[in-house]
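Please open the model in your viewer and keep the selection panel at hand. The tour below goes from one selection to the next and says what is there at each stop.

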Amino acid sequence: MRRLGALVRKEFIQMVRDPSAILIAVVLPLILLFIFGYGVNLDSNTVRVGVVLEDHTTDMESLATSFKNSRFLNVRMGLDRREFEDDLVAGHIRGIVVIPRNFAVLTARGKTSAPVQVIADGSEPNTASFVQGYVQGVMDNWLLHRLEDQGAELPTPMIDIAARFWYNPELKSRNFLIPGSIAIIMTLIGTLLTALVIAREWERGTMETMMTTPVTHAEIILGKLIPYFILGLASMAICWGVGVFYYDVPFRGSFYVLFIVTALFLICALGQGLLISTLAKDQFVAAQGAIVSAYLPAFMLSGFIFEISSMPAPIKALTHIFAARYFVTSLQTLFLVGDIWPLLLKCMMSMIIIACVFYTLIARKTSSRLDG
Amino acid sequence: MIFKGRIGALIVKELLTLLRDPKSRFLLFGPPILQLFVFSFAATLEVKNVSLVIYNQDQGRHGHEIVHRFAGSPTFNDLHFVYEEYEVNPVIDEQKAIAAVLIPRDFSRNIEAGNKTNIQVILDGRRSNATQIVNGYIGRIISTYSQELLSLEKSIAPVAVAVNRNWFNENLLYLWFTVPSLVGILAALIALMITALSVAREREMGTFDQLLVSPLLPYEILIGKTVPAVMIGLMEGLLIFTMGRVAFGIPFTGSFILLVLAILAFVMSMVGVGLFISSISKTQQQAILGAFIFLVPAIALSGYAAPVENMPVWLQKVVSINPVKHFLITVKGLFLKDMSLGDVWSNSWPLLVIGTFTLSMAGWFFSRRLE
């Protein structure tokens, strides 16, 4: 126990002396929370489009005005679509709406519908579908008002849709992105930092030196893991504080559950870092390994930004082996919903299984490491 | 001629260090290809395979018809049915379904009587992006049905309809967006990691001091470290480009020469950032973590995860110093839009400025270490 205490103290001193660990635990969370608080916004606010009026009749002018007045569209007017084609290629606008020359003739005839061409920039698929949606919305409104002005009896829809968004009624992206970004930070501290620190000991040969001392393997490993476990918890506290107090993300779960979930995830992440550094011989390989097997999956395969259910089946299956997936779900639930035990227990069990796999592999590898 | 003289020797030595044995070659080119395959399929904002819970209290035919339409839609392929109101809650809470559709008891009766009626939709706000899209799908199915009920009574053709076309990517395939972006992101990742670590490792091992006392001038060391990393980054970019064309069948409409030049400018700027980080770090750990502090915001604010236009205006100005953002515009433009020289240039000169600035900063720090 005294030996372990000494090792932990040594690791802490090293951590404080090299500011990069603190940078990852304190500065990176602030940067990430900032980015996901302000920068990454999936809700399209206003889209820049060009509206082409090929003729000037009252009808066409009034439709063009509706486009101009829409708060979702930022409109530039033109007379010919060729004016806008270069802008669409350069990405200055995301769509072109063409109100055609024969619009007046067709609308006057009454039998056929006049086509309004909407050209969206398909190189940004998400924005393109927003462009279509917004243009459709403006046109629906305009048609309704036009009928109203003509004094026609309005066809009211028979079925009203009452949509309610639970847990996040204002649909702020921030509310689900911030819990997700905490998972990324924990992954970096747990896996990347630990993998680097231990790989360095191997690289410099100090690991072998330690093994020749009376310290046992378990003590060496624990001596490495405990300080980073504590660093991870400290970082979690910072993220929680900033998220709840600065970004107004609600927290509806209870602290002890948050603690259990975080501890379980950190145990997995630390185990993964330890395993990587046991397999890798130097820091470059360890860093590569941590990025490929931990950081990028935490970003892409955890359901944090990209919806898991939409992924193809093999990749969906792959997401199950990453603890980050369960951690993101637990965090989003704890922050926005509360202690939903059936879901949380499932996540906890999965993390425990993943941790067991990691530590079994480590136990196998460490004993044979000196011969290799 | 580049491989002659002192600088040439250093470049050859750097390339040998990086490409010497099969294992390090694999580490440079293996993971990016794996990532290309996994992430290009994973990184989609499309919503498919939606799970839905339906609580239909209505016994009449209109309720059945609505349920039938959800069941028939390819988007909703995971339907749960509940028969009591209290069962709805846990299904949403435990994420067994992303949305619930509640059809009231008097639904059919009201429609037959010509009265208005309503359907309640409950959505899981935890996944708000997906939820909004699902809400759109549900809305479309219900309002189409509502429209059909009306047009049975009287037929009115709307005066104008929107005819949608998507240029550059007619079917809005998400892969056409992700794969070109990954050419940039993965090449950046490798170029940055190689350079961030190269000097830091030499410093940690003590060989950097040996390099400094050699006849090489600081700028020669800088060139000797830059050129190999740029070459590897370019190879990486072209490899992923080829995979994108061959394995994913992404169309490439632009000029290949322009693409190579744009990748070169981009990789140079990333190498500049990497060497700068390397020049101010004392250990490899600092260099790797420093690279991360740069890389995470650079990728998150590049337009890959979310469009740059959605950011607040002041932040859009700040991200114009982000090399990844500029390159993604170019690479997507060259793949899909046959971007012209002028547009490529207007997105590439910032890269040259960033590269020149960071490389001269790195050079300055190198020579300062000397004293």
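Begin by selecting helix α6 of chain A, which lies across β1, β2, β3 and β4 of chain A together with β5 of chain B, running at about 155 degrees to β4(A). Helices here (H or I, at least four residues) and strands (E, at least two) are DSSP runs, numbered from the N terminus, while angles run from 0 to 180 degrees between N-to-C directions, with axes being lines fitted to C-alpha atoms, for helices over the stretch in contact. This is a predicted model, in which local features need pLDDT of at least 70 and side-chain atom pairs count only at pLDDT 80 or more, whereas totals for chains, interfaces and linings use all residues. Residues are numbered from 1 along each chain as its sequence is written, and chains are lettered from A and ligands numbered from 1 in the order in which they are written.

Next, show the strands beneath that helix: they form an open sheet of five with mixed pairing, in the order β2(A)-β1(A)-β3(A)-β4(A)-β5(B), where two strands pair if DSSP finds at least two bridges between them. At the edges stand β2 (73-78) of chain A and β5 (160-167) of chain B, each with a single partner strand, so one side of each is left without a neighbour in the sheet. Neighbouring strands are turned by 25 degrees against each other on average, direction ignored.

Now zoom in on the place where the chains share this sheet: β4 (residues 114-121) of chain A and β5(B) pair in the parallel sense over eight bridges, and V116(A) stands opposite A162(B). Then select strand β5 (residues 159-166) of chain A, which eight bridges join to the parallel strand β4 (residues 117-124) of chain B; there, I159(A) has T117(B) as its bridge partner.

To see the whole contact between the chains, select 92 residues from chain A and 92 residues from chain B, counting two residues as in contact if their C-beta atoms, placed from the backbone, lie within 7 Å. On the chain A side, helix α6 (residues 125-149) gives the most, with eleven residues.

Finally, move to chain B and select helices α10 (residues 256-280) and α11 (residues 284-300), which pack at an angle of about 135 degrees with their axes 9 Å apart. That makes α10(B) oblique to α11(B), since angles under 35 degrees count as roughly parallel, over 145 as roughly antiparallel, 65 to 115 as roughly perpendicular and the rest as oblique. Display the side chains of V273(B), G274(B), I277(B) and S278(B) in α10(B), which meet A287(B), G290(B), A291(B) and F294(B) in α11(B).
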